[in-house]
Amino acid sequence: MKHPYLDVLIVGAGLSGIGAACHLKEKCPNVRFGIVERRKRIGGTWDLFRYPGIRSDSDMFTLGYNFRPWTDTKMLADGPSIRRYIDDTAREYDVKRRIQFGLKVISQSWHSEKKHWIVKAIDEATDEEHQFSTGFVFHCTGYYKYDSGYTPEIPGINQFRGDVIHPQHWPENYDYTGKRVVVIGSGATAVTLVPAMADKADHVVMLQRSPTYVATVPEQDLISRNLRRILPEMAVYRLARTRNILLQRAVYRLSLSKPKAMRRLLLATARRQLGPEVDMRHFQPHYNPWEERMCAVPKGDLFKVIREGQASVVTDHIEAVTETGIQLKSGAHIDADVLITATGLDLQLFGGARLEVDGREVHVADALMYKGLMLEGVPNMALVFGYTNASWTLKADLVSDFVCRMLDHLDRTGQRSFVPRRDQGVGERPFMDFQSGYVLRALDDLPVQGDRAPWLLKQNYLVDVRHIRRGDLDDGVLEFA
């Protein structure tokens, strides 16, 4: 099935995709755009993940859109509330009718002669192929595989008599009341699941190979709640957003410049909330703060259930899974009725779709990233890849700003395409200088960054505001035609 020509095709109707559509609707009203979404509903990540306690690990005043305020006072919001915020935004900006659900993009091919993309998608319910012609492709598909999460090889797991669940595919209405639960992992998903399940489960064990930094954040933004009595909603939102951006940046910079001091502060805070009976070795990482992403817990909920004995932490390696639990290399055995493999994500760009330019397949791992939003040699395509040290949506809003500015520039100058071309002598670096397992596993499949602007990935929102939102479009690196 062939569809009418579009100026822009947005791939994905999650947080980034709906934001992109709203930016286009407001700033480029004459641009014809559509959205394709593989799932049956709006929400992306926040529709996929349904495990107990699912919530953001970034504050909602920076995870929310820059154009529409988050009006709750919760700092870290639950998944259903975030999905509702995305859905309400789509309805308010009248972009929901432009979404075609149930379509998985399988290939995208650029044709220089016609200056357009041919994008093919499959309706997974009927196997019908859909074809779109578009002048610009805006990828808002996130950065991980939706089909399956990452699960390492765990010896003996198939002989376990209980339930084995990956959080990415949580069974609907799953009842774990009175069961002994082991959560394997120590990242954001694990520290969310443990306190969320502790009230119904008999006991919850977080089994980790190594500790993670866990920081307590306020549950409510009391300052914003009080300011709403005297200021308009958007003014309060912008003040909270600015405050949190600056605070995030200050904590990150302090972590890099004074790692020992930041480590002492984090561990002292954890020790105070855990109490004297908990062994602190379970909360003392072997790396410095922000060499891996830090976990945030509202009002110390993880520390509370551990302190009160509803949950516990074990730091060890798995020898093998038995019929009744997990045998550890230390010789200990953890009895369990349920194993939850909160072991991470598998990274994937473009939703796994094939990418071609004039009949030549583009190997993503061989390409430099331009400003963290385009691939060298790939015309008229942008993608959203958020920050590792701040909220995803901060970068998503900037990329949408760039796309809208570029579309206006093309219209004013009569150009039809633009493409980043590598500067001579640019050195290469790994895409992200980050030690989290999900990043290290995927480095060979990710693009690379350069050793100078605009190829260098800054991971700094304040710098990107200057370079992406306000920088010259005709910068000598982009080639127009």
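**View 1. Buried D87 and its partner R91 in helix α4 (residues 79–92).** D87 is buried, at 8% relative accessibility, whereas R91 is partly exposed, at 48% (buried means under 20% relative accessible area, exposed over 50%, partly exposed in between, with a 1.4 Å probe and protein chains only). Their side chains meet in a salt bridge, 2.8 Å from N to O (a side-chain nitrogen of Lys or Arg within 4 Å of a carboxyl oxygen of Asp or Glu). Because R91 and D87 are 4 residues apart in the helix, about one helical turn separates them. Helices are DSSP runs of H or I with at least four residues, numbered from the N terminus. The model is predicted: local features need pLDDT of at least 70 and side-chain atom pairs pLDDT 80 or more, while totals for chains, interfaces and linings use all residues. Residues are numbered from 1 along each chain as its sequence is written, and side-chain values use heavy atoms, without hydrogens and water.

**View 2. The salt bridge between K304 and E308.** The N to O distance is 3.3 Å. K304 is partly exposed, at 38%, and E308 is also partly exposed, at 44%.

**View 3. I18 in the largest nonpolar core.** This core has 145 residues, of which I10, I18, F138 and F402 touch the most other members (a nonpolar core is a set of buried Ala, Val, Leu, Ile, Met, Phe, Trp, Tyr and Cys residues joined through side-chain atoms within 4.5 Å). Helix α10 (residues 392–413) supplies its largest share, 11 residues. Beyond four places in sequence, the contacts of I18 include I42, Y65 and I86 (contact means heavy atoms within 4.5 Å).

Definitions and conventions: Helices (H or I, at least four residues) and strands (E, at least two) are DSSP runs, numbered from the N terminus.
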